[in-house]
Amino acid sequence: MGNILKKSLLYLINLLSLAVFLVIPVYLVWHAPALLGSLVPFQEEAEVNPGPYGAEEVTPEEEIRRVLGQGKKLEKLEQLQVQLKRFSGQQIQDNIFLTKDAMYENIPEPDPKTDTSLSNSNGMLEFVYRYYIPTYMILVPTACAIKQNDIPQNAPLFNQKNYIDGIYRNTSGVITSIDAYSPLFASMDEYIYYRTMPELTGLGGYYLYSVLGEKLSLRTRSLAQFEQIYLRHGCYGSLYQRLPYPDVQPDIYSYYRMSLFQREYDMTRYESNGRVTRHSDIILPRIAEDSSKEITDVVLGGRAPLITITVDGPYKDRLLIFGDQTVKAYIPFLAPHYKEIYIVDLELADHAVLDKLGVKHFDQVLFSYSVDTLFQRNFGEKLLYLAK
């Protein structure tokens, strides 16, 4: 009897899900024929006298409200579709794990045919052999590797810890490895990863700073010496844009600034289009209003081939970072310990940018990458170019 009831329930859910699949395209066709093509006949409307804003007397403000209203309706339909799929047992959708209140992107095991980690590791080693500057590497696990208690049971998880340990073994004795996995795993129940964005929060960034400081021989500061500044509540990031999951709890975005000893920064961004912009801080709050960027781009302003930071402080060392989005999480904590920091995005940087670095003038070099970046993005050739 129980099995019959269960099968009936699943049948009903699948039937409702199918109905949603049918409703969405019909809705789109009926309300947005210009987008999908006139698949159903429309009656010609009677002519009306044109007003200052056209035949229907629609003002720009009214048109904006109409479009936004349609967008909200479509989002509700998409949310219903996601929810129905989850109720029917699909807890992984669009390669995203759906938990009771969060979304974590699934990182699959590297494909041997496309795995770039060996090329990247070899490039790092050749770089060190060329310059003999103290060099460090931190590989940051993604949320699904740390938030294992929230991931659906029996989910196909890639063992990121074993992967990180293997990379560290291959570069040991040449590059000093920094363990990011252990402190993050020990804090798995804390708000260290965003729920709708595939990035670390400021708190997660502090845990990275703590282990970085130990290896880089810095006198790390307690979290109490940094002021937490809340910028926005109710944030929905890129994962939610991909998959509007209605049960996800929105994020709270904040960043940290050292409060005990104030620092002044001069930041220069060398953009991909050749433009050079200068800023008097490493925090750019106005980025929060730019819908084309992730809100975490408030720190540093988003990706660029090269970002340079000059710090008005008592320290004299210069740090060169080759990294990805992981840098944003910890740079507000790390920057006050240096006179100058260069951050290079090897995926975006061309040879002209690399020629500007003057690598031999740096005191330390740090490779800082998320696990998935290391095996999905090939930047080893550019390191070999620097090693010539």
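**Entry 1: the largest pocket**

A pocket, in my notes, is an open set of grid points with protein on both sides within 12 Å along at least five of seven lines. With that in mind I looked up the largest pocket of this predicted model, and about 1000 Å³ of space lies in it.

Which residues lie nearest the centre of the largest pocket? I found E199, R303, D324, Q325 and T373 there, out of 47 lining residues. I then checked which elements give two or more residues to this lining: they are β3 (103-105), α5 (143-146), α9 (238-242), α10 (326-334), β12 (340-344), β13 (364-370) and α12 (371-376). Helix α10 gives the most, with four residues. By class, I noted 24 nonpolar, eleven polar and twelve charged residues in the lining of the largest pocket.

**Entry 2: the second largest pocket**

I went on to the second largest pocket, which has a volume of about 270 Å³. Its lining has 15 residues, and R232, Y236, S291, K293 and I295 lie nearest its centre. Here β6 (226-235) and α9 are the elements that give two or more residues. Helix α9 is a name I had already written down for the largest pocket. The classes in the lining of the second largest pocket are six nonpolar, four polar and five charged.

**Entry 3: the cavities**

Next I looked for closed spaces. How many cavities of 30 Å³ or more are there? I wrote down two.

The largest cavity has a volume of about 110 Å³. Of the 15 residues that line it, G202, Y253, V299, K328 and A329 are the closest to its centre. Both β7 (251-258) and α10 supply at least two residues of this lining. I sorted the lining of the largest cavity into nine nonpolar, four polar and two charged residues.

The second largest cavity has a volume of about 80 Å³. I could list its whole lining: Y256, R257, M258, F261, Q262, R263, Y265, I282, I283 and P332. Strand β7 turned up again, giving three residues, the largest share of this lining. The residues lining the second largest cavity divide into seven nonpolar, one polar and two charged.

**Entry 4: the nonpolar cores**

I turned to the cores. The largest nonpolar core has 101 residues, and F127, L300, I309, F322 and I331 have the most contacts inside it. Helix α8 (residues 202-215) provides seven residues, the largest share of this core. A second, separate core has nine residues, among them V82, M103, L239 and V248.

I picked I331 for a closer look. What does I331 touch, leaving out residues up to four places away in sequence? My list reads I282, V299, L300, I309, I321, P336, I341 and I343. Two of these names were familiar: V299 is among the residues closest to the centre of the largest cavity, and I282 helps line the second largest cavity. L300 and I309 also appeared among the residues with the most contacts in the largest core.

**Entry 5: the whole chain**

Last, I stepped back to the chain as a whole. I noted 13 helices and 13 strands. Of the 388 residues, 48% count as buried, and here buried means under 20% relative accessible area. I also looked at contacts between residues at least 6 apart in sequence: 74% of them join residues at least 24 apart. For the outside, I wrote that the chain exposes about 20700 Å², with carbon and sulfur atoms supplying 52% of it.

How values were computed. Residues numbered from 1 in each chain as written. Predicted model: local features only at pLDDT ≥ 70, side-chain atom pairs only at ≥ 80, totals over all residues. Heavy atoms only, no water. Core = buried A, V, L, I, M, F, W, Y, C linked by side-chain atoms within 4.5 Å. Buried < 20%, exposed > 50% of the residue type's maximum accessible area, 1.4 Å probe, protein only. Contact = heavy atoms within 4.5 Å. Areas by Shrake-Rupley, 256 points an atom, 1.4 Å probe, with all protein chains shown as cover. 1 Å grid on protein atoms, 1.4 Å probe; cavity = no way out; pocket = protein on both sides within 12 Å on 5 of 7 lines; lining within 4 Å. Points joined across faces, edges and corners; volume = space filled by probe spheres on them. Nonpolar A, V, L, I, M, F, W, Y, C, P; charged D, E, K, R; others polar.
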